[in-house]
Structure formats: structure tokens, C-alpha cells
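Open the model in your viewer and keep the sequence panel beside it. The stops below say what to select and what is there.

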Amino acid sequence: MTTIKGIDVSHWQGVINWDKVAKDGVKFVFIKATEGTSYSKLSYFKDNVPKALAAGLKVGAYHYAKFATVEEAKAEAAYFLGSIRSFGLNYPAVLDLEENKRSASKKILTDAAIAFLEAIEDAGHTAMLYTGKSFLEKHLDESRLKKYALWIARYNSTLGRSADIWQHSDTGKVNGISTKVDLNIAYRDFTYTVNPINPPDNPNTSKPTSTTTYTVKKNDTLSLIAKKYNTTVKALVSLNGIKNPDKINIGLKLKVNGSSSTATTNGTKKYHTVKSGDTVSALVKKYGSSTSQIKTWNSLKNIDKIYVDQNLRVK
């Protein structure tokens with residue numbers, strides 16, 4: 001059986017030399033992006049994804065779950081997807097589910113996991129569940145999760161069950177990383193391309209009908225891309241909602257024609273991509289909806305807590 005060597009990292013691994021990691025035979029990496037509905041170390045994910053991609057690794061993201069209900073799972077999925085949407089990931093987006101501190105029933109916790117995984121799929125990513133062998137068998141209904149890729153942690157000489165990826169050690173050593181690191185073996189290649197133009201928090205948002213996309217490569221700048229496609233930096237910034245024109249990530253897919261708008265329409269529904277400074281009350285005033293409608297449409301647990309790049313239904 002062909003196997004592929006990979007690792008997963010978080011801020012605990014500190015500064016990483018990704019070129020050395022790649023030369024040590026590592027082919028893929030999962031980088032922690034978020035936890036719960038807030039995560040103070042998100043900048044680590046944002047800093048390292050472009051570097052890992054530039055080194056030639058396949059890169060996926062994972063979210064550490066804190067939820068115990070479907071509503072909470074949907075909120076966490078929105079936060080996770082909003083945080084990874086602008087990166088050209090080419091490996092799965094992963095739900096890391098390994099705790100049940102509030103003793104949710106097997107059915108409810110499985111319902112919540114499925115809600116999260118469905119959101120990942122709807123966003124155009126390959127959805128994967130990471131968990132421990134024992135946790136899967138004791139706390140989740142595996143029969144309902146078979147459609148999703150499975151990544152199992154078991155620090156043993158054998159995995160002892162079927163899985164797509166096996167995390168077989170948490171004390172590994174890899175060149176370019178000064179700390180111990182989790183080691184993984186994939187039994188199949190999950191490489192894919194996700195189109196981040198379709199906002200991940202809402203799968204029903206319609207895509208532009210006449211849009212060309214360009215995947216950012218090493219040493220690209222917006223001015224070079226603008227020149228290539230006979231457009232302007234200002235137009236690219238507007239089309240793609242770029243906050244910093246001097247910082248574009250390798251692997252990011254850019255729209256290079258079409259028209260931009262912060263609100264998109266699908267039939268009679270309208271959606272708004274949250275920007276810095278937005279509040280639900282401001283959206284209510286702008287779009288003529290009610291606070292309760294926006295809360296219900298988007299399964300918001302706390303209307304005072306919305307996130308930049310989150311795609312909300314507003315009408």
C-alpha cells in the first residue's frame with residue numbers, strides 16, 4: 001500500500017523552516033486555524049500557510065471543536081470557514097473533535113459533527129473528521145459518518161482499524177522544526193483545489209457568470225497580475241476585497257474580471273460579507289431586515305459576535 005508522509009502543527013511548534021521540512025520527505029501538513037468561536041493564535045495559521053505552500057507542501061487546515069450542540073457547531077464552522085477562506089488550501093479542511101466535556105449524547109454530538117462537516121463540504125472543501133480511535137467508538141455514531149474522510153489518532157504499533165490518515169506519533173522529529181511534532185501517514189492523496197470565490201459560509205451564494213481566476217504564485221504582485229490581465233490594481237483590490245494590496249498569499253485564487261459587491265443575491269435572498277466595523281444593527285438598518293431574522297437565517301448564537309469575512313444572509 002502506498003503511504004504519504006505528513007505532519008500537523010500549531011503555534012506550539014514555533015518558527016518552522018518549511019524548506020527543510022519539505023526536504024525531509026514531508027508531503028503534507030495540517031495547520032491549526034481556529035478553536036471554538038475565537039482563537040488568539042490565528043495569526044500563526046495565516047503566517048505559515050503561504051510559507052508551507054511555497055515550499056511545495058500540500059496544506060490543509062483544522063479546527064479544534066468545543067461545541068456540544070448543532071447550533072454551536074454551525075457557529076464554529078462559520079468562524080473556521082471565514083478564517084480560512086482567503087487561502088489556497090489544497091488539502092482537506094478538518095473537524096478536530098476529541099472532547100465531550102459537557103457529556104452530549106452520542107446522537108447529539110454526531111448531529112453536531114455532521115452539521116460542521118456539511119458546512120465544510122458546502123464551502124467546496126474536502127471534509128475530514130479527526131478524532132481518537134477510542135473517542136470515535138465511544139462518543140460518536142460512526143455509521144452516520146462514513147461518507148467523510150477519517151483521520152485517526154492512535155499512538156500504537158498498529159492502527160487497528162480502517163482510516164484515511166493515521167496519526168501514529170506525537171513525539172516525532174522533523175528537520176526544520178525544533179520541537180516534537182505529530183507524525184501522520186496518509187493512505188491516499190487528498191490533493192484538490194478549492195474555489196474560495198464562493199463564500200464558504202453560504203453555499204447558495206451565486207458565482208459570477210463571467211469571471212476569470214488567477215492563482216497567485218511565488219513572487220507575484222498585484223501590479224504584475226493587473227498588467228497580465230490588462231486591468232488595474234484598484235480593480236483587483238475591489239473585486240477580491242483585498243485589505244492589504246502589498247500582501248497576497250501564494251495559492252490564493254483571484255478574480256480578474258467581473259464586478260464586485262459586498263452584497264450578493266440568490267433569488268430573493270441577499271447576503272452580505274462582513275467587514276471590519278459591521279454590526280448586526282447596522283446591517284438591519286442597511287438592508288431593512290430585523291435583528292431576529294438575521295439571527296435565525298444565520299444561526300447566530302450571539303448577535304454581538306460576528307466575524308470579518310463571514311457571509312451573512314441579510315434579506
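Start with the whole chain and its contact map: among contacts between residues at least 6 apart in sequence, 64% join residues at least 24 apart. The coordinates come from a predicted model. Colour by secondary structure and the protein shows nine helices and 13 strands. Colour by accessibility instead, and 50% of the 315 residues come out as buried.

**Stop 1: the cores**

Which residues have the most contacts inside the largest nonpolar core? Select Ile7, Val9, Trp18, Phe45 and Leu97; the core they belong to has 60 residues. H4 gives the most to this core, with seven residues. A second core of 14 residues is separate, and includes Phe30, Trp151, Ala153 and Ile165. As background, nonpolar side chains in soluble globular proteins tend to be buried together.

Now centre on Ile7 and display what is in contact with it, leaving aside neighbours within four places in sequence. Trp18, Val21, Val26, Phe28, Val29 and Phe30 are among these contacts. Further along the chain, Ile7 is also in contact with Val174, Ile177, Val181, Asp182, Leu183 and Asn184.

**Stop 2: helices H3 and H4**

Select residues 70-84 for H3 and residues 106-122 for H4. The two helices pack at an angle of about 30 degrees, and their axes are 8 Å apart. That angle makes H3 roughly parallel to H4, since angles under 35 degrees count as roughly parallel. The crossing of H3 and H4 is right-handed.

Show side chains at the contact. H3 brings Val70, Ala73, Lys74, Glu76, Ala77, Phe80 and Leu81. From H4 come Asp111, Ala112, Ala115, Phe116, Ala119 and Ile120. By class, the contact of H3 with H4 has ten nonpolar and three charged residues, and no polar ones.

**Stop 3: helices H2 and H3**

Keep H3 and add H2, which is residues 42-54. H2 and H3 pack at an angle of about 35 degrees, with 11 Å between their axes. Their crossing is right-handed. In H2, select Leu42, Phe45 and Lys46; they meet Tyr79, Ser83 and Ile84 in H3. The contact of H2 with H3 divides into four nonpolar residues, one polar and one charged. Phe45 has appeared before, as one of the residues with the most contacts inside the largest nonpolar core.

Before leaving H2, pick Asp47, which is in this helix. Is Asp47 buried, partly exposed or exposed? Its relative accessibility is 39%, so Asp47 counts as partly exposed. Next, draw a distance from the C-alpha of Asp47 to that of Asn249: the value is 9.4 Å, for two residues 202 apart in sequence.

**Stop 4: Ser103**

Move to the loop between strand E4 (93-96) and H4, where Ser103 lies. Most residues other than glycine have a negative phi. Ser103 is not a glycine, yet has a positive phi of about 55 degrees. Ser103 counts as exposed because its relative accessibility is 62%.

**Stop 5: Tyr130**

Select strand E5, residues 127-132, and find Tyr130 in it. With a relative accessible area of 8%, Tyr130 is buried. Measure across to Trp151: the two residues are 21 apart along the chain, and their C-alpha atoms are separated by 4.6 Å. Trp151 belongs to the second core.

Not counting residues up to four places away in sequence, Tyr130 touches Val94, Leu95, Asp96, Leu97 and Glu98, among others. Tyr130 also touches Trp151, Ala153, Tyr155 and Gln167.

**Stop 6: Tyr214**

Finish at strand E9, residues 213-215, which holds Tyr214. Tyr214 counts as buried, at 9% relative accessibility. Where does the chain come back to Tyr214? One place is Leu252, 38 residues away along the chain, with a C-alpha separation of 8.1 Å.

Expand the selection to the contacts of Tyr214, again leaving aside neighbours within four places in sequence. They include Asp220, Ile225, Lys228 and Tyr229. Leu252, Lys253, Leu254 and Val256 are also in contact with Tyr214.

Methods
Residues numbered from 1 in each chain as written. Predicted model: local features only at pLDDT ≥ 70, side-chain atom pairs only at ≥ 80, totals over all residues. Heavy atoms only, no water. Axes fitted to C-alpha atoms, helices over the stretch in contact; angles between N-to-C directions. Helix = DSSP H or I, 4+ residues; strand = E, 2+ residues; numbered from the N terminus. Parallel < 35°, antiparallel > 145°, perpendicular 65-115°, else oblique. Left-handed = near helix turned anticlockwise from the far one by under 90°. Contact = heavy atoms within 4.5 Å. Nonpolar A, V, L, I, M, F, W, Y, C, P; charged D, E, K, R; others polar. Core = buried A, V, L, I, M, F, W, Y, C linked by side-chain atoms within 4.5 Å. Buried < 20%, exposed > 50% of the residue type's maximum accessible area, 1.4 Å probe, protein only.
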